[in-house]
Amino acid sequence: MSKLYVVGIGPGEYEQMTMEAYNVLKNCDVIIGYTVYVDLVRDHFPEKEFLTTPMTKEVERCELAFEKALQGNTTAMICSGDAGVYGMSGLILEIGQKYQQVEVVVVSGVTAAISGASVLGAPLIHDFAVISLSDLLTPMEKIEKRLECAAMADFVICLYNPSSKKRHDYLKKACDIILRYASKDTVCGYVKNIGRAGEESTILTLEELKECEVDMFTTIFIGNSQTKEMNGKMVTPRGYKNV
Ligand code: SAH
């Protein structure tokens, strides 16, 4: 039976890929993905056939992957981070209903929340919520409700897709909603280009975050009421006594 792997390659750096993901890419015939991700792995697997499609062509990319697998090629569809976190594994499994002859295997990767958290310190040590600010596939009212509920419940909040050309004020709007429940001094952080050239991290207050312009290669961390800055690191105490 032909195999189609959906592989999370981690944030970007080769070393941050899991051994399982590495082995799948090493042993497959075709690697397919969004151009930016293919460029991240191309040099490490030069002997493979590479196929790329642009950002908005997700369904076409999946169909292409199934067609390649049907032709007898072991195929790997790659995503950054984890393929199941705002990635392609769901769509592949949905489309896969039409391609019963292809076995789909999902291979996990290190998502931006996890890789970014370790750059900042230990912001996610307790309960946290992950919310995407992209309203391409989710209505804005739902995003706002999720932000509000997470802030009300004092979750640490991790924001994906914080910005794009059309959505440059979404982070500001999100901070305004969170500020209804959280102090303006709440410790926050963001990491840009995790595991890629130009990696950059900043720790700041919620009030300062509200005024920041960030790009789409940034992941945002908003602490809970206990989160502190300790020696330049963002730390949410786990709650152990006597520390
Ligand atoms: N599947 C990916 C997420 C895709 S959604 C994962 O699991 O990480 C795209 C968003 O993820 C970006 O807008 C950004 O918020 C975040 N992201 C993904 N890779 C990143 C990186 N290397 N550095 C910073 N943020 C990243």
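**Pocket lining and selected residues**

Tyrosine 86 is partly exposed in this predicted model, with a relative accessible area of 46%. The residue belongs to the loop between β4 (75–79) and α4. Its phi angle is near 50°, which is a positive value in a residue other than glycine.

Tyr86 also takes part in the lining of the largest pocket, where Tyr86 is listed with Tyr37, Met55, Asn161 and Met216 as the residues that lie nearest the centre. In total, 45 residues line this pocket, and its volume is about 1,500 Å³. Four elements give two or more residues to the lining, namely α3 (58–70), α4 (89–95), α5 (112–120) and β11 (218–222). The most is given by α3, with 4 residues. By residue class, the lining consists of 18 nonpolar, 18 polar and 9 charged residues. Both domain 1 (2–107) and domain 2 (112–235) supply at least three residues each to the lining.

A record also describes part of the chain. The unreviewed UniProt entry carries the annotation "domain: Tetrapyrrole methylase" for residues 3–209. Over residues 3–209, helix makes up 34% of the chain and strand 25%. The C-alpha atoms at the two ends of this stretch are 44 Å apart.

Asparagine 193 was examined for its backbone and its surroundings. Phi of asparagine 193 is near 50°, again a positive value in a residue other than glycine. The residue is found in the loop between β9 (187–192) and β10 (200–205). Asparagine 193 counts as buried because its relative accessible area is 16%, and the cut-off for buried is under 20%.

Serine 2 is part of strand β1, which spans residues 2–8. With a relative accessibility of 19%, serine 2 falls under the 20% limit and therefore counts as buried. The side chain of serine 2 reaches the backbone oxygen of alanine 69 at a distance of 2.9 Å.

Proline 46 occupies the loop between α2 (35–41) and β3 (49–53). Its relative accessible area is 62%, and proline 46 is therefore classed as exposed, a term used for values over 50%. Proline 46 and isoleucine 203 are 157 residues apart along the chain. The C-alpha atoms of proline 46 and isoleucine 203 are separated by 38 Å.

Methods
Residues numbered from 1 in each chain as written. Predicted model: local features only at pLDDT ≥ 70, side-chain atom pairs only at ≥ 80, totals over all residues. Heavy atoms only, no water. 1 Å grid on protein atoms, 1.4 Å probe; cavity = no way out; pocket = protein on both sides within 12 Å on 5 of 7 lines; lining within 4 Å. Points joined across faces, edges and corners; volume = space filled by probe spheres on them. Nonpolar A, V, L, I, M, F, W, Y, C, P; charged D, E, K, R; others polar. Domains from an automatic or database assignment. UniProt positions renumbered as here; feature names shortened; annotations may be inferred. Buried < 20%, exposed > 50% of the residue type's maximum accessible area, 1.4 Å probe, protein only. Polar contact = N/O pair within 3.5 Å; in protein donor to acceptor, adjacent residues only side chain to side chain.
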